[in-house]
Amino acid sequence: TLVTSHASPRTMVVSEGQSVIVGRDGNRSNWVMAETSVSGRHGAFRIYNVKLEYRDLGSSNGSFAGSVPIGEHWQTVTSEGVRLGELCTIRVEGGQS
């Protein structure tokens with residue numbers, strides 16, 4: 001389960017083989033974030049070989065694991081999660097499956 005870092009956290013369950021596009025534009029994203037620093041189609045999460053992975057989809061303000069930028073190649077998400085733009089952090093809750 002993915003959880004946002006907002007005061008009112010939102011969750012999204014991701015299953016093996018499923019890909020979730022996160023972004024500000026509801027026409028181009030499965031999971032909409034109303035943060036101004038999140039691009040219309042910011043990035044994608046997926047479960048691959050029982051691990052949660054993420055890749056940036058060419059966002060304007062970037063995606064980060066800690067302070068390290070995440071590019072357009074799939075990377076395994078660690079317990080610290082992924083920061084989209086300036087404010088929105090998405091982390092894994094309840095394991096990687």
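Which residue in E2 is the bridge partner of Val3? In the predicted model described here, that partner is Thr11. The contact belongs to the pairing of strand E1, which covers residues 2–4, with E2, and this pairing is antiparallel and comprises two bridges. Both strands are part of an open sheet of six strands, arranged in the order E2-E1-E11-E10-E7-E8 with antiparallel pairing. At the margins of this sheet lie strand E2 (11–12) and strand E8 (68–69), the edge strands, each of which pairs on one side only.

A further set of pairings involves strand E3, which spans residues 19–23 and is mostly covered, four of its five residues being buried. Strand E3 is joined to E5 by four bridges, and the two strands run antiparallel; within this pairing, Ser19 has Arg46 as its bridge partner in E5. The relation between E3 and E4 is parallel and rests on two bridges, with Trp31 in E4 serving as the bridge partner of Val22.

Arg46, the bridge partner of Ser19 in E5, also takes part in side-chain interactions. Arg46 forms a salt bridge with Glu53, in which the closest N and O atoms are 2.8 Å apart, and Arg46 also lies over the face of Tyr48, at 4.6 Å from the ring centre. Glu53 has a relative accessibility of 11% and therefore counts as buried, the cut-off for that class being under 20% relative accessible area.

The structure holds two salt bridges, and besides the one between Glu53 and Arg46, a salt bridge is found between the side chains of Asp25 and Arg28, with an N to O distance of 3.2 Å. Here Asp25 is partly exposed, its relative accessible area being 25%, and Arg28 likewise counts as partly exposed, at 45% relative accessibility. Glu53, by contrast, is assigned to the buried class at 11%.

One aromatic pair is present in the structure. The rings of Phe45 and Tyr54 have centres 4.8 Å apart and planes at 55°, so the pair is classed as tilted; this angle falls between the limits of under 30 degrees for stacked rings and over 60 for edge-to-face rings. Phe45 counts as buried because its relative accessibility is 0%, and Tyr54 is also buried, with a relative accessibility of 0%.

The loop between strand E4 (31–32) and strand E5 (43–48) contains Thr36. This residue has a relative accessibility of 71% and so counts as exposed, the class that begins over 50%. When residues up to four places away in sequence are not counted, Thr36 touches Arg24 and Asn61. Thr36 and Glu86 are 50 residues apart in sequence, and their C-alpha to C-alpha distance in space is 8.9 Å.

Terms used. Residues numbered from 1 in each chain as written. Predicted model: local features only at pLDDT ≥ 70, side-chain atom pairs only at ≥ 80, totals over all residues. Heavy atoms only, no water. Buried < 20%, exposed > 50% of the residue type's maximum accessible area, 1.4 Å probe, protein only. Contact = heavy atoms within 4.5 Å. Pairing = 2+ DSSP bridges. Salt bridge = Lys/Arg side-chain N within 4 Å of Asp/Glu carboxyl O. Phe/Tyr/Trp six-rings, centres within 6.5 Å; stacked < 30°, edge-to-face > 60°. Lys NZ or Arg CZ within 6 Å of the ring centre and 35° of its normal.
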